[in-house]
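I sat down with this one over coffee and kept short notes on what I looked up. Here they are, in the order I went.

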Amino acid sequence: MQINIKTKPYYIVKNEDTLKSICSKFKIDEQELRTINNISEIETNDILILPKPYKYCYVVQPLDNYQKIAEKLGVSVDKILEVTKGKSMFIGQRIIFYANMSTV
């Protein structure tokens, strides 16, 4: 399937993902996700179109740094720096990511 990931919210499937875990993470309906993407199963590195724009909030944990957060969220360190404007982070800080922030 050819998609324009620059204009649609999307998610790149990670090794540990299931349809249920993805739907839970983004608070979306599993059947809707299946229908939009014309799928029954998923595989690592599949690109899924999400049915609606979403906002993901990450709360900074003890011992977190830019690299650890980037790995946890599946985004680049540059995206973390962009969102935080390169400022120091603190435990409990909320970092908001929007749908189009998921990148390889």
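**Two helices meeting**

I began with the contact between two helices: from H1, the residues Leu 19, Lys 20, Ile 22 and Cys 23 meet Glu 30, Leu 33 and Arg 34 of H2. I sorted these by class and got 4 nonpolar residues, 3 charged ones and no polar ones. This is a predicted model, and I come back to its confidence below.

Next I looked up how the two helices are set against each other. H1 covers residues 19-26 and H2 covers residues 30-37. Their axes lie 9 Å apart, and the packing angle is about 110 degrees. Angles from 65 to 115 degrees count as roughly perpendicular, so that is how I noted H1 and H2 relative to each other.

**Asn 37**

I stayed with helix H2, where Asn 37 sits. Is Asn 37 buried or exposed? I found a relative accessible area of 3%. The cut-off for buried is under 20%, so Asn 37 is buried.

Then I checked what its side chain has for company. A polar atom of the Asn 37 side chain lies 3.0 Å from the backbone oxygen of Leu 33. Leu 33 was already in my notes as one of the H2 residues that meet H1. The side chain of Asn 37 also has a polar atom 2.7 Å from the backbone nitrogen of Ile 49.

**Asn 65**

My next stop was another asparagine. Asn 65 is in the loop that runs between strand S3 (55-59) and helix H3 (66-73). Its relative accessible area is 35%. Partly exposed covers the range between 20% and 50%, so I put Asn 65 down as partly exposed.

Which backbone nitrogen lies 2.7 Å from a polar atom of the Asn 65 side chain? I found that it belongs to Lys 68. I also looked further along the chain: Ser 88 is 23 residues away from Asn 65 in sequence, and their C-alpha atoms are separated by 9.4 Å.

**Confidence check**

Last, I went through the pLDDT values. The mean for the protein is 82, with 84% of residues reaching 70 or more. Among the elements, H2 has the highest mean at 92, and strand S4 (residues 94-98) has the lowest at 78.

Two stretches got a mark in my margin. Residues 1-6 have pLDDT below 50, and that stretch has 5 contacts in the model beyond near neighbours in sequence. Residues 100-104 are also below 50, with 14 such contacts.

Conventions: Residues are numbered from 1 along each chain as its sequence is written. This is a predicted model: local features need pLDDT of at least 70, side-chain atom pairs count only at pLDDT 80 or more; totals for chains, interfaces and linings use all residues. Side-chain values use heavy atoms; hydrogens and water are left out. Axes are lines fitted to C-alpha atoms, for helices over the stretch in contact, and angles run from 0 to 180 degrees between N-to-C directions. Helices (H or I, at least four residues) and strands (E, at least two) are DSSP runs, numbered from the N terminus. Angles under 35 degrees count as roughly parallel, over 145 as roughly antiparallel, 65 to 115 as roughly perpendicular and the rest as oblique. Contact means heavy atoms within 4.5 Å. Ala, Val, Leu, Ile, Met, Phe, Trp, Tyr, Cys and Pro count as nonpolar, Asp, Glu, Lys and Arg as charged, and the others, Gly among them, as polar. Buried means under 20% relative accessible area, exposed over 50%, partly exposed in between (1.4 Å probe, protein chains only). A polar contact is a pair of N or O atoms within 3.5 Å; within protein, one must be able to donate a hydrogen and the other to accept it, and residues adjacent in sequence count only if both atoms are side-chain atoms. pLDDT is the predictor's confidence in each residue, from 0 to 100.
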